[in-house]
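Thank you all for coming. I would like to walk through one chain this morning, beginning with a single residue and then widening out to the elements around that residue.

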Amino acid sequence: MTNVNTNSGNLNPLLHPAVHYGSPADVLNAKELSTPEKRIILSSWASDMYAVESCPALREIPGMNRTIRLADILAALRRLDGDNDDDDPPRGGGVPMRLRRPWAAAERRGA
């Protein structure tokens, strides 16, 4: 993991968020960030680019001293969307469609 020099106090939180925020909750609670900025940081952390090779459910972010669970990052992104129900399954899609069978009309006519 690459260590970022944290001695310079003028690092932009968007360019080096791991220096300023230690967890997805820290990003969510940051009053200086707009919602789109929070989404940018969290989405970048969720990227496969930071996936731990032997454990893809973890993210190793340069500049952080620990790994972060992907589930925590995704939960934070859901909170940004206003979805606080982490345990509910995703909503289903549209109405299921039935394919018409070409021979069904003949069966209904008694042929």
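Leaving aside its neighbours within four places in sequence, which residues is Lys38 in contact with? They are Val27, Leu28, Ala30, Leu33 and Leu80, where contact means heavy atoms within 4.5 Å.

Before going further, let me say what kind of model this is. It is a predicted model, in which local features need pLDDT of at least 70 and side-chain atom pairs count only at pLDDT 80 or more, while totals for chains, interfaces and linings use all residues. Residues are numbered from 1 along each chain as its sequence is written, and side-chain values use heavy atoms, with hydrogens and water left out.

Back to Lys38, which has its place in helix 3; helices here are DSSP runs of H or I with at least four residues, strands are runs of E with at least two, and both are numbered from the N terminus. Lys38 is buried, with a relative accessible area of 11%, and the cut-offs are under 20% for buried, over 50% for exposed and partly exposed in between, computed with a 1.4 Å probe on protein chains only. From Lys38 to Pro24 the C-alpha distance is 9.1 Å, although 14 residues separate the two in sequence. Pro36 also lies in helix 3, but Pro36 is exposed, at a relative accessible area of 52%. The C-alpha atom of Pro36 is separated by 9.2 Å from that of Leu80, which is 44 residues away along the chain.

Now the overall layout. The chain contains five helices and three strands, and along the sequence they follow the pattern α-α-α-β-β-β-α-α. Of the 111 residues in the chain, 24% are buried. Among contacts between residues at least 6 apart in sequence, 41% join residues at least 24 apart.

How do helix 3 and helix 4 lie with respect to each other? Their axes come within 10 Å and cross at roughly 160 degrees, the axes being lines fitted to C-alpha atoms over the stretch in contact, with angles from 0 to 180 degrees between N-to-C directions. Helix 3 and helix 4 are therefore roughly antiparallel, a label given to angles over 145 degrees, whereas under 35 counts as roughly parallel, 65 to 115 as roughly perpendicular and the rest as oblique. At this interface Thr35, Lys38, Arg39, Leu42, Ser43, Trp45 and Ala46 of helix 3 meet Leu70, Ile73, Leu74, Ala76, Leu77 and Leu80 of helix 4.

Helix 4 deserves a little more time. Its buried residues are Leu70, Ile73, Ala75, Ala76, Leu77 and Leu80, and these pack against helix 2, helix 3, strand 2 and strand 3. Just after helix 4, Gly82 takes a positive phi of about 85 degrees.

That brings us to the largest nonpolar core, by which I mean a set of buried Ala, Val, Leu, Ile, Met, Phe, Trp, Tyr and Cys residues joined through side-chain atoms within 4.5 Å. This core has 18 residues, of which Tyr21, Val27, Leu42, Trp45 and Ile73 touch the most other members. Helix 2 (24–29), helix 3 (35–46) and helix 4 (70–80) are the elements that give two or more residues to this core, and helix 4 supplies the largest share, five residues. Ile73, not counting residues up to four places away in sequence, touches Pro24, Leu42, Trp45, Ala46, Arg59 and Ile68.

Finally, the sheet. The three strands form an open sheet in the order 1-2-3 with antiparallel pairing, and two strands are taken to pair if DSSP finds at least two bridges between them. Strand 1 (51–52) and strand 3 (68–69) stand at the edges with a single partner strand each, so one side of each is left without a neighbour in the sheet. A hairpin joins strand 1 to strand 2 through two residues, and in this pair Val52 stands opposite Cys55. Strand 2 and strand 3 are joined by two bridges and run antiparallel, with Arg59 opposite Ile68. Pro56, in strand 2, counts as exposed at 55% relative accessibility, and apart from its neighbours within four places in sequence, Pro56 is in contact with Ala51 and Leu70.
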